[in-house]
Structures are given as C-alpha cells and as structure tokens.
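This report describes the fold shown below, with attention to its sheet, two helix contacts and a few single residues.

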Amino acid sequence: MFKKLEREYAKAFLEYELAIAEGGRTRQHDSDELKKISKYFISTTNRRLFGMYCVRATFDSNPALVSDLAHQVKCSRNAMDKMVSECEQSEWIIIDRSPAQHRYISAGSKMMDAWQSYVKFIRPMSQATKMGQVNTVIKTLHALALLDP
C-alpha cells in the first residue's frame, strides 16, 4: 500500500512541477518590476537560493550575514558579492552594516512583493493536485504506526 501511496505522491508532485514550468511561460506579472525580479531570481540556481534566503531572513526578522549566505548557497564570496551588489543597486534587498562593517541582508519590500506574487501564482496549482491529500494520508498512517517511517 505504501508503494502505491508513494507513487501517487510522485505523480501529483510531477503534475505540480509541470504546472509551474508550463505556467511560468505564460505568467502575467503584476508589474514590470515584479517581472524583472522574477526573471533575475529564476535565471540561476544560486540567484534563486540567494533570493529565497533573503526572503526567509525577512520573514524571520533575522538578517543574514553575507558570508553565511555564501556558505548556504555554496558559492564563492565573489559570486555572492556580485549578487548582493546587483540586488542592492536594484533596491531589492536591505543591507544593514555593523560597526565592524559586516553586511546583514534581508529582502526589501519589492522583493517581498515579488515573493507574495509568486506564492499567489503557484497556490492554485498546488491545490489542483492530490499532493496534499496523499501526503496527509501518508503522515496519518505513519502516526498510527501502520507504516514504517
């Protein structure tokens, strides 16, 4: 039974990923600025991770140290400095500098608006799949000890 549930979840996740990929081709953005932000952050894996870590730092009210971001993204310090510079120039991030000149990064309001727009875009796609229902069944069966973890 578990293999069948795993297969159903894998199918639902595939449908979700396909919907995002196909929808991204025709997605209408709320503004040219949000479109520009979206294009920047989906252009490379490093940019995507950097953007998501900045958004998380803002949600958590805990700005991220640039060196920590470079470590999390697994990129060179030069690559991180370039992304920070590009995003600062575009006014997408907020940089707080400590007295020791350490830079702490969080997402600015434009970037947070872009994230909320993205979430609004993908929500109907995730709701249209069986992913949530199948995952709930799997979690419930684990909780009832009817499936091995």
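## Sheet and helix contacts

Ile 94 stands opposite Ser 106 of strand E3. This pair is taken from a predicted model. Strand E2 and strand E3, which spans residues 103-107, pair in the antiparallel sense over five bridges. Another pair in this ladder is Ile 95, whose bridge partner in E3 is Ile 105.

On the sheet as a whole, three strands form an open arrangement in the order E1-E3-E2, with antiparallel pairing. The edge strands are E1 (64-65) and E2 (93-97), each of which pairs on one side only. E1 is joined to E3 by two bridges, and these two strands also run antiparallel. In that pairing, Leu 65 has Tyr 104 of E3 as its bridge partner.

How is E3 placed with respect to the rest of the structure? Four of its five residues are buried, so E3 is largely enclosed by the rest of the structure. Ser 106 lies in this strand. With a relative accessible area of 10%, Ser 106 falls under the 20% cut-off and is therefore buried. Apart from neighbours within four places in sequence, Ser 106 is in contact with Cys 54, Ala 57, Thr 58, Pro 63, Ile 93 and Ile 94. Ile 94 thus appears both in this contact list and as the residue opposite Ser 106.

Two residues outside the strands have an unusual backbone setting. Most residues other than glycine have a negative phi. Gln 101, although not a glycine, has a positive phi of about 70 degrees. Gln 101 lies in the loop between E2 and E3, and the hairpin of these strands has five residues between them. Ser 61 likewise has a positive phi, near 50 degrees, and is a residue other than glycine. Ser 61 is found in the loop between helix H3 (45-59) and E1. Are these two loop residues buried or exposed? Gln 101 has a relative accessible area of 56% and is exposed. Ser 61 also counts as exposed, because its relative accessibility is 67%, where the cut-off is over 50%.

The helices come next. Two packed helices are described by the angle between their axes and the distance between the axes. The table gives these values for two pairs.

| Helix pair | Axes come within | Crossing angle |
|---|---|---|
| H1 (residues 2-26) and H7 (residues 131-143) | 8 Å | roughly 150 degrees |
| H2 (residues 32-42) and H3 | 6 Å | roughly 120 degrees |

The angle between H2 and H3 makes H2 oblique to H3. Their contact is made by Tyr 40, Phe 41 and Ile 42 of H2 and by Arg 47, Arg 48, Phe 50 and Gly 51 of H3. By class, this contact has four nonpolar, one polar and two charged residues.

For H1 and H7, the crossing is over the 145 degree cut-off, and the two helices are therefore roughly antiparallel to each other. Their crossing is left-handed. On the H1 side, the contact is made by Phe 2, Leu 5, Glu 8, Tyr 9, Ala 12, Phe 13 and Tyr 16. On the H7 side, the residues are Met 131, Val 134, Asn 135, Val 137, Ile 138, Leu 141 and His 142. By class, the contact of H1 with H7 has 11 nonpolar, two polar and one charged residues.

The last residue to consider is Cys 87, which sits in helix H5 (residues 77-89). Why does Cys 87 count as buried? Its relative accessibility is 0%, so Cys 87 counts as buried. Not counting residues up to four places away in sequence, Cys 87 touches Tyr 40, Phe 41, Phe 50, Trp 92 and Ile 93. Among these, Tyr 40, Phe 41 and Phe 50 also take part in the contact between H2 and H3, and Ile 93 is also among the residues that Ser 106 contacts. Cys 87 and Arg 56 are 31 residues apart in sequence, and their C-alpha atoms are 16 Å apart in space.

Definitions and conventions. Residues numbered from 1 in each chain as written. Predicted model: local features only at pLDDT ≥ 70, side-chain atom pairs only at ≥ 80, totals over all residues. Heavy atoms only, no water. Pairing = 2+ DSSP bridges. Axes fitted to C-alpha atoms, helices over the stretch in contact; angles between N-to-C directions. Parallel < 35°, antiparallel > 145°, perpendicular 65-115°, else oblique. Left-handed = near helix turned anticlockwise from the far one by under 90°. Contact = heavy atoms within 4.5 Å. Nonpolar A, V, L, I, M, F, W, Y, C, P; charged D, E, K, R; others polar. Buried < 20%, exposed > 50% of the residue type's maximum accessible area, 1.4 Å probe, protein only.
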